[in-house]
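Biologist: I should like to learn how the features of a protein model are read. May we take them one at a time, with the general idea before the case?

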Amino acid sequence: GTLEPGADLWAAAVLLYELLTLTRPFDGPDAESVLRAVRKRKFTPARKLRPDVPAALDRVLVQALDPRPHQRRAAA
């Protein structure tokens, strides 16, 4: 398929998560494990790792990290 702006927003959310928590949202011993974690939306919300992250920002990150483009915002 073609890449859409939502892919850029998802990547920006990954980067923001990493900057806030100093850890990757999706991790695993190999690429397949990481892809599985992305598909299952298996990550720790940033606020659980950093309680000082505002709740509203945490909600935006959770939505932006959804692997299903139709569940994410269409624009920043």
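Modeller: Let us begin with the aromatic rings. This is a predicted model, and in it ring pairs link Trp10, Tyr17, Phe26 and Phe43 into a cluster.

Biologist: How many aromatic pairs are there?

Modeller: The general idea comes first. A pair of aromatic rings is described by the distance of the centres and the angle of the planes. In this model the count comes to 3 aromatic pairs. One of them joins tryptophan 10 and phenylalanine 26: the ring centres are 6.0 Å apart and the planes stand at 15°, so this pair is stacked. The two rings come from distant parts of the chain, since tryptophan 10 belongs to helix α1 and phenylalanine 26 to the loop between α1 and α2, 16 residues apart.

Biologist: Are tryptophan 10 and phenylalanine 26 buried or exposed?

Modeller: Tryptophan 10 has a relative accessible area of 22%, so it is partly exposed. Phenylalanine 26 has 6% and therefore counts as buried. The cut-off for buried is under 20%.

Biologist: At what angle do the planes of tyrosine 17 and phenylalanine 43 lie?

Modeller: The planes of tyrosine 17 and phenylalanine 43 are at 90°, with centres 6.0 Å apart, so the pair is edge-to-face. Tyrosine 17 is in helix α1 and phenylalanine 43 is in the loop between α2 and α3, so the pair ties together parts 26 residues apart in sequence. Tyrosine 17 is buried, at 1% relative accessible area, and phenylalanine 43 is buried as well, at 15%.

Biologist: Which residues have the most contacts inside the largest nonpolar core?

Modeller: In soluble globular proteins, nonpolar side chains tend to be buried together. Here the largest nonpolar core holds 13 residues, and those with the most contacts inside it are Ala13, Tyr17, Phe26, Phe43, Leu61 and Leu65. Two or more residues come from each of the elements α1 (5-21), α2 (31-39) and α4. Helix α1 contributes the most, with 4 residues.

Biologist: Which residues does phenylalanine 26 contact, leaving aside its neighbours within four places in sequence?

Modeller: With those neighbours set aside, phenylalanine 26 is in contact with Trp10, Val34, Ala37, Val38, Arg41, Lys42, Phe43 and Leu65. Glycine 28 also has its place in the loop between α1 and α2. At 30% relative accessibility, glycine 28 counts as partly exposed. Not counting residues up to four places away in sequence, glycine 28 touches Ser33 and Val34.

Biologist: Which residues of helix α4 are buried?

Modeller: An α-helix has 3.6 residues a turn, so residues three or four places apart point the same way. In helix α4 (residues 55-64), Asp58, Leu61 and Ala64 are buried. Seen down the axis of α4, these buried residues fall within an arc of 130°, so they line one face of the helix.

Biologist: How far from aspartate 58 is the nearest side chain of opposite charge?

Modeller: That side chain is arginine 47, 5.5 Å away; aspartate 58 is buried yet has no salt bridge. The cut-off for a salt bridge is within 4 Å. Leaving aside neighbours within four places in sequence, aspartate 58 is in contact with Pro45, Ala46, Arg47 and Val53.

Biologist: How many salt bridges does the count come to?

Modeller: Side chains of opposite charge can pair when their charged atoms come close. The count comes to 4 salt bridges. One of them joins glutamate 32 and arginine 39, at 3.8 Å from N to O. Glutamate 32 is partly exposed, at 39% relative accessibility, whereas arginine 39 is exposed, at 52%.

Biologist: Where do aspartate 66 and arginine 41 lie?

Modeller: The side chains of aspartate 66 and arginine 41 form a salt bridge of 3.3 Å, N to O. Aspartate 66 lies in the segment after α4 and arginine 41 in the loop between α2 and α3 (46-49), so the pair ties together parts that are 25 residues apart in sequence. Aspartate 66 counts as buried, at 7% relative accessibility, and arginine 41 as partly exposed, at 41%.

Biologist: Which residues are joined into one network by salt bridges that share partners?

Modeller: Consider another pair beforehand: aspartate 52 and arginine 50 meet in a salt bridge of 2.6 Å, N to O. The network itself joins Arg41, Asp66 and Arg68 through salt bridges that share partners.

Key: Residues are numbered from 1 along each chain as its sequence is written. This is a predicted model: local features need pLDDT of at least 70, side-chain atom pairs count only at pLDDT 80 or more; totals for chains, interfaces and linings use all residues. Side-chain values use heavy atoms; hydrogens and water are left out. Buried means under 20% relative accessible area, exposed over 50%, partly exposed in between (1.4 Å probe, protein chains only). The arc is that of the directions from the helix axis to the C-beta atoms. A nonpolar core is a set of buried Ala, Val, Leu, Ile, Met, Phe, Trp, Tyr and Cys residues joined through side-chain atoms within 4.5 Å. Contact means heavy atoms within 4.5 Å. Lys and Arg count as positive and Asp and Glu as negative; His and the chain ends are not counted. Rings of Phe, Tyr and Trp (its six-membered ring) pair if their centres lie within 6.5 Å; planes under 30 degrees apart count as stacked, over 60 as edge-to-face and the rest as tilted.
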